[in-house]
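Student: I am new to this structure and would like a close look at one part of it. Please go through the salt bridges, and say how open to the surroundings their partners are.

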Amino acid sequence: MSSEITEFQGGYRWLSNFWLCPVDVSGVRYPSAEHAYQAAKTLDAGARLAIAGLASPGQAKRAGQQLELRPGWEQARKRIMLGVVVIKFTQNPHLGCQLAETGDALLEEGNRWHDNYWGACGCPRHMGLGLNYLGRILMMVRDIVRED
Ligand SMILES: [Zn+2]
């Protein structure tokens, strides 16, 4: 077992929020964690349903970027991401098992698109120095599912 997983690609693609698996939040079924997270940006039930109906996580992300953000979003978004990721890995127990099986490996959402909030960008300018909040959340959720 590698002690570092620094890209959510290939055999670790399922760690990405773009992985397709049902994520049910407040009675709405989303096709991925990304859909659920983007929908949480709005309190408008119709807009949430519209996002749930989009085919791909990329479409959901773009739709989320067009939304008028709910009040307090900036302060709430890490907590909401934690909730979505907990739901993803508890409602899909096989994924929860896979997450637990990563043991104590560092989980880092390495990327090349300059996201140093949720991940860590490895481009020459950023050199992998990111806050990696998604990776940290995944490690917190790993601790939770391990105890189940
Ligand atoms: Zn970069």
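Tutor: One set of cut-offs is needed here: a residue with under 20% relative accessible area is called buried, one with over 50% is called exposed, and anything in between is partly exposed. The model is predicted. In general, side chains of opposite charge can pair when their charged atoms come close. Searching the whole structure gives four salt bridges.

Start with Asp24 and Arg29, whose side chains form a salt bridge with an N to O distance of 2.8 Å. Asp24 has a relative accessible area of 28% and is therefore partly exposed. Arg29 reaches 55%, so Arg29 is exposed.

Another salt bridge joins Glu74 and Arg77, at 3.4 Å from N to O. Both residues belong to helix H4, and because they are three residues apart, about one helical turn separates them. Their accessibility falls into two classes. Glu74, with a relative accessible area of 47%, is partly exposed, while Arg77, at 19%, is buried. The value for Arg77 is under the 20% cut-off, which is why Arg77 takes that label.

In helix H6, the side chains of Asp143 and Arg146 meet at 3.2 Å, again counted from N to O. Here too the partners are three residues apart in their helix, so about one helical turn lies between them. Asp143 has a relative accessible area of 39% and is partly exposed. Arg146 is also partly exposed, at 36%. This pair has a further link: Asp104, Asp143 and Arg146 are joined into one network by salt bridges that share partners.

The two helices just named also appear in the surroundings of helix H5. Leu95, Gly96 and Leu99 are buried in H5, which spans residues 93-100. These three residues take up an arc of only 105° around the axis, so they lie on the same side of H5. Among the elements covering the buried residues of H5 are H4 (73-91) and H6, together with strands S2 (20-25) and S4 (106-107).

To return to the bridges, Arg77 is a buried partner, whereas Arg29 is an exposed one. Asp24, Glu74, Asp143 and Arg146 are each partly exposed.

How values were computed. Residues are numbered from 1 along each chain as its sequence is written. This is a predicted model: local features need pLDDT of at least 70, side-chain atom pairs count only at pLDDT 80 or more; totals for chains, interfaces and linings use all residues. Side-chain values use heavy atoms; hydrogens and water are left out. Buried means under 20% relative accessible area, exposed over 50%, partly exposed in between (1.4 Å probe, protein chains only). Helices (H or I, at least four residues) and strands (E, at least two) are DSSP runs, numbered from the N terminus. The arc is that of the directions from the helix axis to the C-beta atoms. Contact means heavy atoms within 4.5 Å.
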